[in-house]
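Student: Could you take me through one part of this structure closely, and tell me how the terms you use are defined?

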Amino acid sequence: MFEHFLSVITLGFGCLTSICQAQFIPSHPAQDQSLRFLNEQYDTGLLSPPYSTLTDIPETHWTVLTHPSHPEYGVRVKKTNFCDDTVNGYTGYIDIQARHLFFYFFESRSNPDVDDVIFWTNGGPGCSSSLGLFFELGPCRITDADGPKFHPESWNTNANIFFVDQPVGVGFSYAEFGEVVYTSEDAAADIAAFVAIFFDNFSQFKGRALHMAGESYGGRYLPLFASAVYDQNALRVDAGLPPINLTSVMIGRMMLSYYDMQCTPASIKPFIDISSCVAQKHVMDRCERWMRRACIDHFDKIDCSAAYNFCSATYTTPYHLTGKNPYDMSKPCEGGVRETLCYPATAHIRDFLSDPKNRARLGVDATVTRNFTSCNQEVNGGFSIAGDILHPTTDYVANLLERGIRVLIYVGAYDWICNHVGNERWTLAMDWSGKQEFGATDKREWLVDGKKAGLTRSARGLTFATIDGAGHMVPYDKPKEALALVQRWLANEKF
C-alpha cells in the first residue's frame, strides 16, 4: 500500500545562457549509458549554446546540456512528437553520473514564448509522472487501447509543462550500477540542479515563472524541492547568476483525520462498522501524543516508526476492508490498488509504454528493458525503510511562507488518502507568523462558470481549497475545475 500526500507548486525563473555548454550526440538507444559518451565540447566562452531556444532542438539528435556550477549533472533532450500535434513535445534524461531521470516536456498551446512553465511529479513514493501526463492533466490521455488522444483541459492550455520520473528507478528512469535514492533530501538536490541547467541553457526562459507541481507523496517531496531551489539562490548569486524567483508551493498531509472521513459525515455518510469507529476514537489521543513526542518534538526513528505503524493500522485497515477506492470514497476499488491504482484504464498506459515501438519513439534508453509499471514497489519500500515518510514537512512550508512564497493546498472532497479534513487541520495548526490571521478567515465558496466548485480560505499567501465531486486525482475527476484553479493560481487571482 502506498502512502500518499497532496500537491505542491513552486515558481521561479531562469537566467543567463552565457555560463552554459551544449553538446550533441545521436539519439540512438544503444548509446553508452554514462556521461563519458559526451565527446563534442563547445567553447565555454560562447554567449549561448548552439541552440539557444528549445524550439530549435532536433528530433534526430540528443542536445546535451551542462552547467559549470553542477559538473556532475547533464541533461539530454530531443524533440519528440507523439502526443499533441498542436505543440512541440520533447523527451529526455537528467543524467547524474550513473543515475538517469526521464522527463517529458510540452510547450504551451497558447503562447509558449511567454507562458509560464509547470514542473510536475507524481508521488508514491515510486510512481511515474506518466500517470499525471496520460491520466490526469497532460495534453493527451490514454484511456483505451487506441493510444493517446487530445485532452482539451490540459494544463498546457496556457503553460509549458514538464513531467519527471523521479527518483531513479521510477518509470523510465534507471541506474547503471544499482544506485538508489531513498530520501526526499537527495531527490531535492537532483531537481534543483535540473532547474538550473535547463533554464540557464535556453535564453527563451530567462525571467520565466516556473511552477513545480505534484500530487500524493509530492506533499513530502516538493516542500524540500522548493527549499533546495530557494537555498541554491545564494550560491547562484555568488557565481554571478540571478536568483531563481521562487514564488509558490502546494502541499498536504494527515492520518488521524481518517476517523472523520470514515466515521462522520465529513464528505459522505459514515461507512465503516461502529466497533472500528469506537476503537479509533479511543486511541486518537494516544496516537496524537505518541506521534508528536516521537516524530516531531524529538525525532526517534524506532519510536516514531512504532507509533506510525500502530496508528496507521488502526485507522486504515477498516477502510481497506470495505473495498472502497482509497482515492475516491464514492467508488469501489476496481482492478486492485497495486495493479491499477483502482483505475483499470491505467492498464492502457502500461501497455502503451511497454511497446518497444513507442519506447523507441520516446527515446527511452535500451538499458530499460523491464515492462513499464506505474509504481515501483522497490523504490516505495526503500523510502519506507529509510523512514522518509516519518519526517514532517510543515516546518519547510512555514519557512517558505515566511520568505514570501505563496502556498496553495487543494484537495478533492472525496479523497480519503489525502483528505480535506486533515489538510485543513494542519494548515490551521501550522506555526508561522500568519497563523492567527489565516485561522480567523472564514471559508467561502469558489465558482467555475457561476457554479460552486468547492470551498476556500486564504490569508497572508496561504490558500486552502477543496474541489467538490473530485477524489485524489483532481484533474482526472474534475478537469475543467482543476484547470480553472491552476490558471487562477498562476495568475495570482482570487478563487
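Tutor: What follows looks at one sheet, with a short word on confidence beforehand and on one helix residue afterwards. This is a predicted model, in which local features need pLDDT of at least 70 and side-chain atom pairs count only at pLDDT 80 or more, while totals for chains, interfaces and linings use all residues. Residues are numbered from 1 along each chain as its sequence is written, and side-chain values use heavy atoms, with hydrogens and water left out.

The chain has a mean pLDDT (the predictor's confidence in each residue, from 0 to 100) of 85, and 88% of its residues reach 70 or more. Over residues 1-48, however, pLDDT stays under 50.

The sheet is open and has five strands (DSSP runs of E, at least two residues, numbered from the N terminus), which follow the order β12-β15-β18-β17-β16 with mixed pairing. Its edges are β12 (248-249) and β16 (444-448), each of which has a single partner strand, so one side of each is left without a neighbour in the sheet. Two strands pair if DSSP finds at least two bridges between them, and β12 is joined to β15 (residues 406-412) in the parallel sense over two bridges. Within β15, R406 is the bridge partner of S248.

Turning to the helix α8 (residues 346-354), we find S354 in it. S354 is buried (under 20% relative accessible area, with a 1.4 Å probe and protein chains only), at a value of 19%. A polar atom of the S354 side chain lies 2.8 Å from the backbone oxygen of R350.

How values were computed:
Helices (H or I, at least four residues) and strands (E, at least two) are DSSP runs, numbered from the N terminus. Contact means heavy atoms within 4.5 Å. Buried means under 20% relative accessible area, exposed over 50%, partly exposed in between (1.4 Å probe, protein chains only). A polar contact is a pair of N or O atoms within 3.5 Å; within protein, one must be able to donate a hydrogen and the other to accept it, and residues adjacent in sequence count only if both atoms are side-chain atoms.
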